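Good morning, and thank you for the opportunity to present. I shall speak about aromatic rings first and about pockets second.

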Amino acid sequence: MSIFNLFSKDKKENLDQGLSKTKENVFSKITRAVAGKSKVDEEVLDNLEEVLVTSDVGVETTLKIIQRIENRIAHEKYVNTEELTAVLREEIASLLQDNPVEELEDFAIPAGKKPYVIMVVGVNGVGKTTTIGKLAYHFKKAGKKVFLGAADTFRAAAVEQLTIWSERVGTEIVKQKMGADPASVAYDTLQSAVANNADVVIVDTAGRLHNKVNLMNELTKIKNVMKKVVPDAPHEVLLILDGSTGQNAYNQAKEFAKATEITALAITKLDGTAKGGVVIGISDQLHIPVKYIGIGEGLEDLQIFRKKEFVHSLFGGE
Ligand SMILES: Nc1nc2c(ncn2[C@@H]2O[C@H](COP(=O)(O)OP(=O)(O)O)[C@@H](O)[C@H]2O)c(=O)[nH]1
Ligand SMILES: [Mg+2]
């Protein structure tokens, strides 16, 4: 089956649209990098290296990609500049981490885990609550019963915001008052979810990265309390990163990975930025799969990350 059969046209259009700023940036730079050249030589590779670094792919990942293309040139003797984007697509896609849910039906839940518990972490403003709203929408659309837990009790607005999403999507929400113990909210949420036979639980948290020890303690406490209700929870610790912050998103990911075990990433706000190349570097460097990407503020603007479609959207071509 062709990859496009797995991916409806609407979604592809959405993705192309969402990534348009990065795409224009990368495209115009590559066009300049190969201007007047018919073959990929040292000079083209030097220019390409600069293109990738300045597109937020990151230095280490860029060097890996260049190395792969060099190997390929050595092997194939000659690579035409017209073939360069195709070669880039192939090499980058093979470099990226596999997303375990890529092959599943959209927003399916791994078998035997009911409720499937997702703990969402990340610093303030990256798009945690919005992503939870979108996820809830997609899971509900896929026929799942969803419970949200408002464990970001640090700011009153955070609980209100999640409540608005739950109303919009039509899902249950478990909350306490502002300032309540996040672990207690997580406990209540899981208990309610189990009692009500929910399929998916998504727990929001506060991300105060400025104190790593506190953050680590708080996240550990929430996890431990979850295990009292659902022994193998959380099944997923989803770190949300704001793609528009480029290399800073990468640094945040490294910090969070030190504070708690992250099992999946969602990279948001790719629609508003030319820094979408950061997805490539993060996926390569962190060895944590990018599971979702956010490409807008609407309910539909969250997609399962499919690496081939992603590089296709970015570099174009057939
Ligand atoms: N353009 C765009 N904006 C987003 C996306 N995801 C989140 N946002 C916006 O980012 C802001 C912060 O989001 P929020 O969910 O409150 O972040 P939180 O503090 O991590 O919970 C809000 O204005 C969201 O609408 C996205 O994929 N694209
Ligand atoms: Mg929030």
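Phe-107 has a relative accessibility of 5% and therefore counts as buried, the cut-off being under 20%. I should say at once that this is a predicted model. Tyr-292, at 3% relative accessibility, likewise falls in the buried class.

How many aromatic pairs are there when ring centres must lie within 6.5 Å? The count is three. In one of these, the rings of Phe-107 and Tyr-292 have centres 5.7 Å apart and planes at 0°, so this pair is stacked. Stacking requires planes under 30 degrees apart.

Where do these two residues sit in the chain? Phe-107 belongs to the loop between helix H5 (84–95) and strand S1 (116–121), while Tyr-292 is in strand S7 (residues 290–294), so their contact ties together parts that are 185 residues apart in sequence. Phe-139 joins them: Phe-107, Phe-139 and Tyr-292 form one aromatic cluster.

Phe-305 and Phe-310 also pair. Their ring centres are 5.1 Å apart and their planes stand at 65°, so the arrangement is edge-to-face, a class that begins over 60 degrees. Phe-305 and Phe-310 are both buried.

Let me turn to the pockets.

The largest pocket has a volume of about 320 Å³. Its lining comprises 19 residues, and those nearest the centre of the pocket are Gly-125, Val-126, Gly-127, Thr-130 and Lys-269. Which element provides the largest share of this lining? Helix H6 (residues 128–141) does, with five residues. By class, the lining of the largest pocket consists of two nonpolar, 10 polar and seven charged residues.

The second largest pocket holds about 260 Å³ of space. There are 14 residues in its lining, with Lys-11, Asp-106, His-138, Lys-141 and Glu-300 nearest the centre. Helix H1 (9–18), H6 and strand S8 (302–304) are the elements that give two or more residues to the lining of this second pocket. That lining divides into five nonpolar, three polar and six charged residues.

To close, I would recall two points. Helix H6 gives five residues to the lining of the largest pocket, and H6 is also among the elements that give two or more residues to the lining of the second largest. As for the rings, Phe-107 is stacked with Tyr-292, whereas Phe-305 and Phe-310 meet edge-to-face.

Thank you for your attention.

Terms used:
Residues numbered from 1 in each chain as written. Chains lettered and ligands numbered in written order. Predicted model: local features only at pLDDT ≥ 70, side-chain atom pairs only at ≥ 80, totals over all residues. Heavy atoms only, no water. Phe/Tyr/Trp six-rings, centres within 6.5 Å; stacked < 30°, edge-to-face > 60°. Helix = DSSP H or I, 4+ residues; strand = E, 2+ residues; numbered from the N terminus. Buried < 20%, exposed > 50% of the residue type's maximum accessible area, 1.4 Å probe, protein only. 1 Å grid on protein atoms, 1.4 Å probe; cavity = no way out; pocket = protein on both sides within 12 Å on 5 of 7 lines; lining within 4 Å. Points joined across faces, edges and corners; volume = space filled by probe spheres on them. Nonpolar A, V, L, I, M, F, W, Y, C, P; charged D, E, K, R; others polar.
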